[in-house]
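Q: Got a minute to go through this one with me? I'd like to start with the charged side chains.

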Amino acid sequence: DRANLIEAARKISGWAAEPVAKFSPERLMELHETLTGAKSELRKNEPRPINALHDPTPAILLPKMIDNAFDWFSTESFAELHAVEQAAVVYLRLLDLYPFATAVEPTAMLAAGFYTERAGLPPLVILSDDIAQARFAQAFEAAQRMLTQPLVELFAEMLRKAMQL
């Protein structure tokens, strides 16, 4: 729903603007709840993989794996990455975990945008034209083979285009 998407994007922008901007598992849940308009809970069953390379985290392991991911996102080594690289890592990790039964991809994209906005860049948005969508699909598939550079470059290009608007 468009209104929920706008409200979720506003939340991300607000959190990113805080003096000590931090994204947490609790904020992930709140983001998902805002986006879907329903009480957010971690999935209890095993989802269908996004593609042949995707091996979603088993539901029983989700709470611990989400905590581990967010612990990593708050490390000094993660902070040393460029904001666009941080966004790509967060996006990929959340899709890999597949924490919710619904709206995982938009939740992951909004969450990734927190890291670009925190750095003073625009929200992360992938254009909907056919060329951008095809490049995005290719970059995502490459990233699942541990080749993240195409996704980082695509995110950077989308941010450059957003800054030119």
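Q: K161 first. Buried, partly exposed or exposed?
A: Partly exposed, as this predicted model has it. The relative accessible area of K161 is 34%.

Q: Which residue does K161 pair with in a salt bridge?
A: E157. The closest N and O atoms of that pair are 3.5 Å apart.

Q: How far apart are E157 and K161 along the helix?
A: Four residues, both in helix α8. That spacing is about one helical turn.

Q: And which residues join up through shared partners?
A: R135, E157 and K161 form one network of salt bridges.

Q: What's the N to O distance between R135 and E157?
A: 2.7 Å, side chain to side chain.

Q: Which helices does that pair link?
A: R135 sits in helix α7, residues 130-144. E157 sits in helix α8, residues 149-164. The salt bridge therefore ties together parts that are 22 residues apart in sequence.

Q: Is R135 buried, partly exposed or exposed?
A: Partly exposed, at 32% relative accessible area.

Q: How many salt bridges are there in the whole structure?
A: Seven. Another of interest is R93 with D96, at 2.5 Å from N to O.

Q: Where do R93 and D96 sit?
A: In helix α5, which covers residues 83-97. They are three residues apart, so about one helical turn separates them.

Q: What about burial for R93 and D96?
A: R93 counts as buried, because its 18% relative accessibility falls under the 20% cut-off. D96 is partly exposed at 29%.

Q: Switching to packing. At what angle do α2 and α6 cross?
A: Roughly 125°. Their axes come within 10 Å. Helix α2 is residues 25-36, and helix α6 is residues 104-118.

Q: Parallel, perpendicular or oblique?
A: Oblique, because the angle falls outside the 65 to 115 degree range for roughly perpendicular and is not over 145, where roughly antiparallel begins.

Q: Left-handed or right-handed?
A: The α2 and α6 crossing is right-handed.

Q: Which residues make the contact?
A: From α2, it's L28, L31, H32 and L35. From α6, it's P106, T107, L110 and A111.

Q: What's the mix by class?
A: Six nonpolar and two polar residues. The α2 contact with α6 has no charged residues.

Q: While we're on α2, what about T34? Buried or exposed?
A: Buried, at 14% relative accessible area. T34 lies in that helix, α2.

Q: What does T34 touch?
A: N4, E7, A8 and K11. That leaves out residues up to four places away in sequence.

Q: Now backbone. Which residues other than glycine have positive phi?
A: A103 is one, with phi near 55°. M146 is another, with phi near 70°.

Q: Where's A103?
A: In the loop between α5 and α6. A103 is partly exposed, with 27% relative accessible area.

Q: And M146, where is that?
A: In the loop between α7 and α8.

Q: Is M146 buried or exposed?
A: Exposed: 70% relative accessibility, and the cut-off is over 50%.

Q: Back to the network for a second. Which helices hold R135 and E157 again?
A: R135 is in α7 and E157 is in α8. The M146 loop lies between those two helices.

Key
Residues numbered from 1 in each chain as written. Predicted model: local features only at pLDDT ≥ 70, side-chain atom pairs only at ≥ 80, totals over all residues. Heavy atoms only, no water. Salt bridge = Lys/Arg side-chain N within 4 Å of Asp/Glu carboxyl O. Buried < 20%, exposed > 50% of the residue type's maximum accessible area, 1.4 Å probe, protein only. Axes fitted to C-alpha atoms, helices over the stretch in contact; angles between N-to-C directions. Parallel < 35°, antiparallel > 145°, perpendicular 65-115°, else oblique. Left-handed = near helix turned anticlockwise from the far one by under 90°. Contact = heavy atoms within 4.5 Å. Nonpolar A, V, L, I, M, F, W, Y, C, P; charged D, E, K, R; others polar.
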